[in-house]
Amino acid sequence: AQDLGRVLLNLINNAFYAVHQKKNEQPGNGYEPAVSVSTKKSGEMVEIRVSDNGTGIPESVASKIFQPFFTTKPSGQG
């Protein structure tokens, strides 16, 4: 349960970081940051989706997103 909590917290924190970065990179162009979390239950399974309209996750790190302490943020950024 703790590992799942860490994964979700990291996903959401990374989403907020990504939209913040994109907002700073494109000031004044009408960009509106958005982060959403949705759930869906199907039988005994639950699907959790975290999405944002930020800078995105490079394919080179996509396979690491479910590691408990993984972050796309640079060192010293939280």
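In which helix does Glu 25 lie? In this predicted model, Glu 25 belongs to helix α1, and that helix covers residues 2-25. Glu 25 counts as exposed because its relative accessibility of 54% is over the 50% cut-off. Glu 25 also offers a handy sense of distance: Gln 67 is 42 residues away from Glu 25 in sequence, and the two C-alpha atoms are 28 Å apart in space.

Turning to the overall fold, the protein is made up of two helices and two strands, arranged along the sequence in the pattern α-β-β-α. Measuring along the principal axes, the C-alpha trace spans about 45 × 25 × 20 Å. The accessible surface amounts to about 5,900 Å², and carbon and sulfur atoms account for 53% of that area. Of the 78 residues in the protein, 18% count as buried. Among contacts between residues at least 6 apart in sequence, 51% join residues at least 24 apart. As for charge, there are 8 positive and 7 negative side chains, and the centres of these two sets lie 2 Å apart.

How confident is the prediction? The mean pLDDT of the protein is 86, and 96% of the residues score at least 70. Among the elements, strand β1 (residues 35-42) has the highest mean pLDDT, at 96, whereas helix α2 (residues 59-62) has the lowest, at 83.

The interior can be followed from helix α1 onwards. Asn 10 lies in this helix and is buried, because its relative accessible area of 16% is under the 20% cut-off. Leaving out residues up to four places away in sequence, Asn 10 touches Gln 67, Pro 68, Phe 69 and Phe 70. Gln 67, one of these partners of Asn 10, is also the residue placed 28 Å from Glu 25, C-alpha to C-alpha.

Which residues form the largest nonpolar core? This core has five members, namely Val 7, Leu 11, Val 61, Ile 65 and Phe 70. Phe 70 thus appears both in the core and among the contacts of Asn 10. Another core member, Leu 11, is in contact with Val 50, Ile 65 and Phe 66 when neighbours within four places in sequence are set aside. Ile 65 itself is located in the segment after α2. With residues up to four places away again left out, Ile 65 touches Val 7, Leu 11, Ile 57 and Phe 70. Along the chain, Ile 65 and Leu 8 are 57 residues apart, yet a distance of 9.8 Å separates their C-alpha atoms.

The strands bring a further set of contacts into view. Arg 49 is found in strand β2, which runs over residues 45-52. Is Arg 49 buried or exposed? Arg 49 is exposed, since its relative accessible area of 52% is over 50%. Beyond residues up to four places away in sequence, the contacts of Arg 49 are Ser 36, Val 37 and Ser 38. For one of these partners, Ser 36, the separation from Arg 49 is 13 residues in sequence and 7.9 Å in space, C-alpha to C-alpha.

Terms used:
Residues numbered from 1 in each chain as written. Predicted model: local features only at pLDDT ≥ 70, side-chain atom pairs only at ≥ 80, totals over all residues. Heavy atoms only, no water. Core = buried A, V, L, I, M, F, W, Y, C linked by side-chain atoms within 4.5 Å. Buried < 20%, exposed > 50% of the residue type's maximum accessible area, 1.4 Å probe, protein only. Contact = heavy atoms within 4.5 Å. Helix = DSSP H or I, 4+ residues; strand = E, 2+ residues; numbered from the N terminus. Areas by Shrake-Rupley, 256 points an atom, 1.4 Å probe, with all protein chains shown as cover. Lys, Arg positive; Asp, Glu negative; His and termini not counted. Charge placed at Lys NZ, Arg CZ, Asp CG, Glu CD. pLDDT = per-residue confidence, 0-100.
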